[in-house]
Amino acid sequence: MTNILISGAGIAGTALAYWLRRHGFAPTVVERATGVRDGGYKVDIRGSALDVAKRMGLLDDIRALRTDVRTGSVVDGAGRQVASMDGDSFGGRVHQDAELHRGDLARLLHQATDGVEHLFGDWIAAIDGTRVTFASGLVRHFDLIVGADGLHSATRALAFGPEERFVHDMGYNVSVFSVPNHLGLDREELTYVGPGRTALVYSTRQDTGMKAMFLWKSADKATGRDAQQRALAVAYRGSGWEVPRLLEAMAGAPDFYYDSMSQVHMDRWHTGPVALIGDAAHCASPASGQGTSLALVGAYVLAGELKQAGGDHTIAFPAYEARMRPFAETNQALGTANIKRMVLSSRSQVRMSMLLLRLAGLLPGKDRIMAKVVEPIHRAATAIDLPAW
């Protein structure tokens, strides 16, 4: 039995643990957090990832936990509605794509791995071949090690080199945090677009509050919560709509998140007995809307290739990368294209976009227009053939 250490109990790591155990391997998951991470932003499961969820027997559970966002609207600085459409169209979802909270999906996956060894509150401090030293001082040997620990992967840094070699800043920042639902939203999403900065809020079926999200163009990278909140306030100074009130709420937010919009580009995702999956290997950025789907598909593919190779990583790791890399790169290209539509660079672009949105809502055949907008997302989400392992 091949003993495989997985660093990270997020979507990619937990899904990998499920498939490895199902294929007869012995996975161990180490996670820095003290338990399954709750909350988080809403995420989409699209295209090929739906097939993976179905093969895991989780598709019905996922559908039962959908956010049920009914409408999405764009508003101007005065709060006037510019355009509105149903929630799935607004989020680019087609063909039964599902949206749910990341924390809900994490719990579902964790429940599916009942019996898998989990080491919560610990992390990998050193890797020497297949000998792993944990931060707690524990030392163990594993046959293989998989880094599923996200954009800022510590496993990648230990096995491949410093983050600066692989993490590429796209020139934008993102911040997300919970705020009181002073707008009284009921399963709605509202987006305000200004030059170089976008702000949105949404409420879901499961949450009586709201989440606020900010995306803005910036080369400045603040560190530390206080500096990050100051940077966010400066970036949105003078913004209209509800932005000032949303920013007032960030100081007390228990879940304040701030990071650069970045992608991970690597020549190889494996070295010796170590491999990477999910954002650690090929982060496409939140702008792609495909991070969760890439994580689920990557876990399925890596576990399947290890099964096909009888646990021989010298065969399985290159086969996994050859199958996954075109899919990952297609979705990275989608993220690069999407961010330019999500954050408009000038006032003239904002004015033109608002005008086009108003006209689109009045023209006949708007469903055909939306289908053309959504088609690249669906094409990227299905850009891989999944074997039946």
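These legends accompany close-up views of a predicted model.

**View 1. R80 and D76 pair through their side chains.**
The two side chains meet in a salt bridge. The N to O distance is 3.0 Å. The partners differ in their surroundings. R80 is exposed, because its relative accessibility is 54% and the exposed class starts over 50%. D76 is buried, because its relative accessibility is 13% and the buried class lies under 20%. This view therefore shows an exposed arginine, R80, joined to a buried partner, D76. The structure holds 19 salt bridges. Side chains of opposite charge can pair when their charged atoms come close.

**View 2. A salt bridge links R140 and E117.**
The side chains of R140 and E117 meet with 2.9 Å from N to O. R140 belongs to strand β10, residues 139-141. E117 belongs to strand β7, residues 117-120. The two parts are 23 residues apart in sequence, so the pair ties them together. R140 counts as partly exposed, at 23% relative accessibility. E117 also counts as partly exposed, at 33%.

**View 3. E375 and R379 form a salt bridge in helix α13.**
The closest N and O atoms of E375 and R379 are 2.2 Å apart. Both residues lie in helix α13, which covers residues 366-381. They sit 4 residues apart, about one turn of the helix. What is the relative accessible area of E375? The value is 38%, so E375 is partly exposed. R379 is partly exposed too, with a relative accessible area of 47%.

**View 4. Four residues join in one salt-bridge network.**
The members are D68, R70, D186 and R187. Salt bridges that share partners connect these residues into one network.

**View 5. H282 is a buried residue of helix α9.**
Helix α9 covers residues 279-282 and includes H282. Is H282 buried or exposed? H282 has a relative accessible area of 2%, so this residue is buried. Which residues are in contact with H282, leaving aside its neighbours within four places in sequence? They are V264, W269, L294, M324, A328 and Q332.

Note on methods: Residues are numbered from 1 along each chain as its sequence is written. This is a predicted model: local features need pLDDT of at least 70, side-chain atom pairs count only at pLDDT 80 or more; totals for chains, interfaces and linings use all residues. Side-chain values use heavy atoms; hydrogens and water are left out. Buried means under 20% relative accessible area, exposed over 50%, partly exposed in between (1.4 Å probe, protein chains only). Contact means heavy atoms within 4.5 Å.
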